[in-house]
Amino acid sequence: MKLNMFSSNNALAKWRKLDRLFEKLGYSRVALVFVSALMLGIIALRFYYTLVTGYILPDEAWYYNNFVLDKVHYAYYREVFLAVYLLFFQDVRDINTFIFRGAIFSAIWALGCVVVCYGIFKRLRVSEKTIALLLLSLLLFPIFTILAPMIITETLGLFFALLGVYFIVRYLQRYRAT
């Protein structure tokens with residue numbers, strides 16, 4: 001019985017030491033690194049699965065067939081997103097290159113979303129612990145967690161929408177100051 005009490009005290013002491021380290025580093029920075037690492041892990045696992053099984057989602061297959069292989073450009077399709085997509089996948093000729101570049105494409109925009117959210121929260125002067133909780137809650141949004149590792153333009157669109165919110169907040173804060 002005494003041994004059990006000793007290990008719980010030891011665990012509590014280690015937890016407090018870890019908490020002091022997080023406080024020293026900043027809860028929001030620790031959360032930013034943790035969420036970024038977790039998103040990269042989700043993206044890496046998803047693309048590992050794709051490489052092993054050869055399965056790509058129907059939306060990804062549509063993008064690959066129309067925009068990458070056939071070089072079809074739809075006039076009604078979102079021009080900015082299509083330009084960024086085609087620039088990124090310009091010289092892709094096979095599915096493995098598409099999958100590899102797709103992992104990089106997804107990682108760039110997913111991490112960009114996380115960093116821009118962090119920037120918005122910092123601009124709004126949200127407390128460190130609240131920023132940490134807000135960043136951690138990003139992973140609880142299924143739409144973000146599910147769409148981020150896909151080779152489609154939705155994560156890119158979310159990044160630009162969040163970037164727009166960041167610039168609006170920045171403009172409003174400067175406008176009020178003058």
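**Notes on the helix packing and core**

1. Let's start with a helix crossing. Helix α3 (residues 58–69) packs against helix α4 (residues 79–88) at an angle of about 80 degrees, and their axes are 10 Å apart. Because angles of 65 to 115 degrees count as roughly perpendicular, α3 is roughly perpendicular to α4. Bear in mind that this is a predicted model.

2. Which residues make that contact? On the α3 side they are Y63, F67 and V68, and on the α4 side L82, Y85 and L86. By class, the contact of α3 with α4 has six nonpolar residues, with no polar and no charged ones. Y63, F67 and V68 are also among the buried residues of α3, a list that includes E60, Y64 and N66 as well. So a charged residue, E60, is on the buried list of α3, while the contact with α4 has no charged residues.

3. A small backbone remark on the end of this helix: just after α3, K71 takes a positive phi of about 55 degrees. Most residues other than glycine have a negative phi. We'll meet another positive phi further down, at R125.

4. Now the core. The largest nonpolar core has 45 residues, and the members that touch the most others are M39, Y85, F89, F98, V114 and L135. Helices α2, α3, α4, α5 (95–123), α6 (128–138) and α8 (154–177) each supply at least two residues. Which helix gives the largest share? That is α5, with 14 residues. Note that Y85, one of the best-connected members, also sits in the contact of α3 with α4.

5. V114 deserves a closer look, as one of those members that touch the most others. Not counting residues up to four places away in sequence, V114 touches L32, V35, S36, M39, L135, L138 and F144. Two of these partners, M39 and L135, are on the best-connected list too.

6. Turn to V35, seen from the other side of that contact. V35 lies in helix α2 (residues 27–53). Is V35 buried or exposed? It is buried, with a relative accessible area of 0%. Beyond its neighbours within four places in sequence, V35 is in contact with V114, L135, L136 and L139. For a sense of distance, V35 and L69 are 34 residues apart along the chain, and their C-alpha atoms are separated by 34 Å.

7. I42 is also in helix α2, but the surroundings read differently on paper. I42 is partly exposed, with a relative accessible area of 26%, whereas V35 is buried at 0%. Leaving aside neighbours within four places in sequence, the contacts of I42 are T145 and P149. From I42 to G119 it is 77 residues in sequence and 23 Å in space, C-alpha to C-alpha.

8. Over in helix α5, have a look at A107. A107 is buried, with a relative accessible area of 14%. Setting aside residues up to four places away in sequence, A107 touches L40 and I43. How far is A107 from S36 in space, C-alpha to C-alpha? The answer is 9.2 Å, although the two are 71 residues apart in sequence.

9. Aromatics next: the structure holds 19 aromatic pairs. One of them is F105 with W109, an edge-to-face pair at 6.3 Å centre to centre, with 75 degrees between the planes. Both residues lie in helix α5, four residues apart, about one turn of the helix. An α-helix has 3.6 residues a turn, so residues three or four places apart point the same way. F105 and W109 are both buried.

10. Last, the loop between α5 and α6, where R125 is found. R125 has a positive phi of about 55 degrees although it is not a glycine. R125 is exposed, with a relative accessible area of 69%. S127 has its place in the loop between α5 and α6 as well, and S127 is partly exposed, with a relative accessible area of 41%. The C-alpha atoms of S127 and V80 are separated by 35 Å, with their positions 47 residues apart along the chain.

Definitions and conventions: Residues numbered from 1 in each chain as written. Predicted model: local features only at pLDDT ≥ 70, side-chain atom pairs only at ≥ 80, totals over all residues. Heavy atoms only, no water. Axes fitted to C-alpha atoms, helices over the stretch in contact; angles between N-to-C directions. Parallel < 35°, antiparallel > 145°, perpendicular 65-115°, else oblique. Contact = heavy atoms within 4.5 Å. Buried < 20%, exposed > 50% of the residue type's maximum accessible area, 1.4 Å probe, protein only. Core = buried A, V, L, I, M, F, W, Y, C linked by side-chain atoms within 4.5 Å. Phe/Tyr/Trp six-rings, centres within 6.5 Å; stacked < 30°, edge-to-face > 60°.
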